[in-house]
Amino acid sequence: MVAALTEVSPTPIPRGPDTQGLADWLKTFFGPLFLAAVGIVALFFLFTREVTRFAQFVVLALVIAVIFYYPGIIATTAKGIAGALGVHG
């Protein structure tokens, strides 16, 4: 009985949630919602004849879409800008 009390069972290492496919799931879930919202707002600006606000919205929507659909482009762009400025690291 003494040996049974002194045996130490290994405790499991706590792990975070499994996020292997989380980014892809978020893209497939929120992607169509984002596109629908962009379409509705764009139509609103076109029908109210606010061309300047429509152009601003299109540029903003394109920037957000590129960041959302291609998140690796931020690091690539930053490395390119740093290289063009002569920063090596």
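Let's start with Arg 53, which sits at 46% relative accessibility and so counts as partly exposed. Keep in mind as you look around that this is a predicted model. Being partly exposed means falling between two cut-offs: under 20% would be buried, and over 50% would be exposed.

What does Arg 53 pair up with? Its partner is Glu 50, and the two form a salt bridge whose closest N and O atoms are 3.0 Å apart. That fits the rule, because a salt bridge needs a side-chain nitrogen of Lys or Arg within 4 Å of a carboxyl oxygen of Asp or Glu. Glu 50 has a relative accessibility of 25%, so this residue is partly exposed too. If you go hunting for others, a search of the whole structure turns up 1 salt bridge.

Now hop over to Leu 43. You'll find this residue in helix H2, which covers residues 22-47. Leu 43 has a relative accessibility of 46%, so it also goes in the partly exposed group. Try finding Phe 54 from here: along the sequence, Leu 43 and Phe 54 are 11 residues apart, while in space their C-alpha atoms are 8.8 Å apart.

Time to zoom out. The protein has 4 helices and 0 strands, so reading along the sequence gives you the pattern α-α-α-α. How much of the protein is buried? Of its 89 residues, 7% are buried. As for the outside, the accessible surface comes to about 7,800 Å², and carbon and sulfur atoms account for 73% of that area.

Notes
Residues are numbered from 1 along each chain as its sequence is written. This is a predicted model: local features need pLDDT of at least 70, side-chain atom pairs count only at pLDDT 80 or more; totals for chains, interfaces and linings use all residues. Side-chain values use heavy atoms; hydrogens and water are left out. Buried means under 20% relative accessible area, exposed over 50%, partly exposed in between (1.4 Å probe, protein chains only). Helices (H or I, at least four residues) and strands (E, at least two) are DSSP runs, numbered from the N terminus. Accessible areas come from the Shrake-Rupley method with a 1.4 Å probe; for residues, only the protein chains shown count as cover.
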